[in-house]
Amino acid sequence: MINDIDQIIKEMQDFASDRSEEFKLKFLSKKGKIQELFDEFRNVRPEEKKELGQRLNALKNMAQARFAELQAKEQQFFTASKIEDMTRDVATDSIGSIHPLTLVRREICDIFSRIGFTVAEGPEIEDDWHLFSALNFPPEHPARDMQDTFFVEKDVALRTHTSSVQIRCLEKESVPVRKIFPGRVFRNEAISARAHCMFHQVEGLYVDKNVSFKDLKQVLLYFAEEMFGPDTKIRLRPSYFPFTEPSAEMDVTCSICGGKGCNICKNSGWVEILGCGMVDPNVLKNCNIDPSIYSGYAFGMGIERISMLKYNTNDIRLYFDNDVRFLSQFKNA
């Protein structure tokens, strides 16, 4: 044991770290080296206990003195560095915030995931079949014109909607299908406070047996209440889309004025947020799905439109300008 005591004395003298807690853990803790020697001391022969006991006590006193010395050095360093409280939170550098469009996209996906929708994505450059023909766009439809679509080459274009991903899913997967399709889309439009040549969509699709317009309305009401609050009301107005029949546009009560009328809702109390309808039988046929057995609904919304309503933003260009004064407002969102 005397050799063990001498070895520990040498280790304490050679201890290189300035951290007092590390020293305490190694030598003075309940599982430290000095305590191990005290545990062994119980088995020492009676005639050796006096000498070894004195050496052990001296070793312990030496360790405590060394520990106090390390603590004093630490305190001097903290004082010189003006570090007063080691328990306070560490200061962190500002590293930006999540983009508001990403926040809204995540929230939309989360809302629909609660009722069984999964996420699917597809290519941003599409062929004519997936972008137009399979979706029942007639050959003379203006969306095929160069004025509305960015064509890469003949019959290949930047997608104008994420409906093309719906076709890809219906072609590859067996029904039932219940999915949402978020993504970036492109249209040849003049950039203004209300429109942009690039924006983001989330579309949804549900195809199964006995799917009705009533199911669609209930899903959209659930979404509106989850996104804008439980007091939100919706209304559906007849509309036209090549890939749905019947088709509708959905309005929600303006969350800014509570439906009373303001400049955001043009004093109508309502704001249009999405288009929807029952999947046209021709679309199902194009994907080798029998419309006499299966039916479905589809809907699509612009993420920018939802974000502008949610955050009371009056200029869509703010989402693309990378102005940190605008983006920094969403750090705690």
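**Close-up 1. Helix α7 on the sheet.** In this predicted model, helix α7, residues 163-172, lies across three strands, namely β5 (177-186), β6 and β10. The helix runs at about 35° to β6.

**Close-up 2. The open sheet and its edges.** The sheet is open and is formed by 7 strands. Their order is β1-β5-β6-β10-β9-β8-β7, and the pairing is mixed. The edges are taken by β1 (118-119) and β7 (234-241). Each of these two has a single partner strand, so one side of each is left without a neighbour in the sheet.

**Close-up 3. The pairing of β6 with β10.** These strands, β6 and β10, are joined over 8 bridges in the antiparallel sense. At the level of residues, E203 has its bridge partner in β10, and that partner is G300.

**Close-up 4. Helix α10 across the strands.** Helix α10 lies across β6, β8, β9 and β10. With respect to β10, helix α10 runs at about 60°.

**Close-up 5. Burial and packing of α10.** Helix α10 spans residues 303-310 and is mostly covered, with 6 of its 8 residues buried. The buried positions in α10 are I303, E304, I306, S307, M308 and L309. The strands that the buried residues of α10 pack against are β6 (198-208), β8 (244-253), β9 (270-279) and β10 (295-302). These buried residues also pack against two helices, α5 (100-113) and α8 (213-228).

**Close-up 6. The residue N312 after α10.** Helix α10 is followed by N312. The phi of N312 is positive, near 55°.

How values were computed: Residues numbered from 1 in each chain as written. Predicted model: local features only at pLDDT ≥ 70, side-chain atom pairs only at ≥ 80, totals over all residues. Heavy atoms only, no water. Buried < 20%, exposed > 50% of the residue type's maximum accessible area, 1.4 Å probe, protein only. Helix = DSSP H or I, 4+ residues; strand = E, 2+ residues; numbered from the N terminus. Contact = heavy atoms within 4.5 Å. Pairing = 2+ DSSP bridges. Axes fitted to C-alpha atoms, helices over the stretch in contact; angles between N-to-C directions.
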